[in-house]
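Open the model in your viewer and keep the sequence panel beside it. We will go stop by stop, with a selection to make at each one.

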Amino acid sequence: MRGRFAPSPTGRMHLGNVRSALLGWLQARAAGGAFLLRIEDLDRARCRPQFLQDLYEDLRWLGLDWDEPPLVQSERDGVYREAQAKLERDGLIYPCFCTRTEIARAASAPHGLSDEGPRYPGTCANLTAEQVSERSRTRAPAYRFRARAGEVRFVDELMGPQAQDVQALVGDFVVRRNDGVASYQLAVVVDDAASRITHVLRGDDLLPSTPRQLQLYAALGLPAPSFLHVPLVLGEDGKRLAKRDGAFALAELRARGRPPEHVLGLLAAWSGLGDGSPVTLPALVARYRTDVLPRAPVVAREALLLDALGLR
C-alpha cells in the first residue's frame, strides 16, 4: 500500500485538514505501507512559503512522518505538459476560448458541479484550425478533455458504489487553464500515478471529482488507485472549516501548549477511533479500521473543542 496527503499551503492547517492527514497516515501504517506527502501549490497567488513551513511543523509535531521527499506540484509543469501532449495526440483534448461568463449565459448550460461551474455546452469542441488560429490572436485558450458519455462507476471504500455521467453533469472539463497552469484534475492523476499511489484517502468534497479523474487515468493508460472519501469536519454554522478559522488551527493549539496526544484524542473521537481521551499514534495504528469511520459530517463545536483540550 502507498498512501498520501496532498495539502495546499494557502493558510494554517485546521483540524479538518489534520484529521484527513491522520487518517491517511493511519491507513498506510496499519497496512504496513508507505505514506507520502505532496504539496499542491499550483495556486501561486494564495500559496505562501510560511504556510508551507507551518504545515511541515504541524505534521511533525503530531508525529505524522512521510517516507519520501515531498513532491511539489509547482516544480512539475513539464510532466503535466507531457500528459497533455499525449491527450492531444489521441484527439482527447481541444482548445477552448470561452469565459465563465459566456458559459453561464449559454442557453444549454444547466447547473453543474460546484468546482466546475455550469455544465460546459461544448461551444469550442469542433472549432476548425482556422477558427482556433483566429481566436488565439486575442485570447489564450484553456484546454478541455472530451468527457466520455455514460456512467463512470466505482466503489468507494467507505461510501460504497458510486456512479456519475461526467458528460451529462459536467461536460468536457478543463485540464489546463488559460493562464497556462495545469488543472487540479490533471495534476492529481499524473502525480498519484508517478508516486505509485495505491490508496487515496481524502475529504468527501472531492468525491464528485473522482469520475473525471478515472476518465483521465483511462485516457492516459495509468493504473487508478482505490478511493476512500471521509465526510468533512464542519463548523457550527454547518459550513466546512476554513483555514481562516483560527480556533481550529493546529498552530494555535500548539502555541497554547497542548500536548499532541490531546489533539490526537479529539481527532480519534471525530473518526470513530476513540472516546476523546488522549491517545498515542501507536495506539491509533493498532485500532484503525475503515468500518468505524463516520459516514456523516462531524460538527466541530468550539466550546466542546476548548473543553476537550482543556483550554478554558
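**Stop 1: the two domains.** Start by colouring the protein chain by domain. Domain 1 takes in residues 2–69 together with 231–309, and domain 2 runs over 75–193. Keep in mind that this is a predicted model. Now place a centre on the C-alpha atoms of each domain: the two centres are 31 Å apart.

**Stop 2: where the domains touch.** Select the residues on either side of the interface. On the domain 1 side, 10 residues make contact, and they meet 11 residues of domain 2. How much area do domain 1 and domain 2 bury between them? The figure is about 860 Å², with 57% of it on carbon and sulfur atoms. Within domain 1, pick out R38, L42 and R295 next. These three lose the most area to domain 2, and together they make up 55% of what the domain 1 side buries.

**Stop 3: charges across the interface.** Show side chains as sticks. Side chains of opposite charge can pair when their charged atoms come close. Between domain 1 and domain 2 there are 3 salt bridges. Zoom in on R38 again, this time with D192: their side chains form a salt bridge at 2.6 Å, N to O. The interface of domain 1 and domain 2 also holds 3 residue pairs in polar contact. Colour the domain 1 side by class, and you will find 4 nonpolar, 2 polar and 4 charged residues facing domain 2.

**Stop 4: D192 once more.** Stay on D192 and add R4. Their side chains also meet in a salt bridge, at 2.9 Å from N to O. Which elements does this pair link? R4 sits in strand β1 (residues 2–5), while D192 belongs to helix α7 (residues 184–194). The two residues are 188 apart along the chain. Widen the search to the whole structure and the count of salt bridges is 21.

**Stop 5: an annotated motif.** Select residues 7–17. An unreviewed UniProt entry annotates this stretch as the short sequence motif "'HIGH' region". Residues 7–17 are 27% helix and 0% strand, and the C-alpha atoms at the two ends are 8 Å apart.

**Stop 6: an annotated binding site.** Finish with C96, C98, Y120 and C124. The unreviewed UniProt entry gives these residues the feature "binding site". They span 29 residues in sequence, yet no two of their C-alpha atoms are more than 10.4 Å apart, so they gather at one spot. Click on C98 last: this residue lies in the loop between β4 (93–96) and α4 (100–105).

Conventions: Residues are numbered from 1 along each chain as its sequence is written. This is a predicted model: local features need pLDDT of at least 70, side-chain atom pairs count only at pLDDT 80 or more; totals for chains, interfaces and linings use all residues. Side-chain values use heavy atoms; hydrogens and water are left out. Domain bounds come from an automatic or database domain assignment. Contact means heavy atoms within 4.5 Å. Buried area is the accessible area (1.4 Å probe) that two parts lose on being put together, summed over both. A salt bridge is a side-chain nitrogen of Lys or Arg within 4 Å of a carboxyl oxygen of Asp or Glu. A polar contact is a pair of N or O atoms within 3.5 Å; within protein, one must be able to donate a hydrogen and the other to accept it, and residues adjacent in sequence count only if both atoms are side-chain atoms. Ala, Val, Leu, Ile, Met, Phe, Trp, Tyr, Cys and Pro count as nonpolar, Asp, Glu, Lys and Arg as charged, and the others, Gly among them, as polar. UniProt positions are given in the numbering used here, feature names are shortened, and annotations may be inferred rather than shown by experiment. Helices (H or I, at least four residues) and strands (E, at least two) are DSSP runs, numbered from the N terminus.
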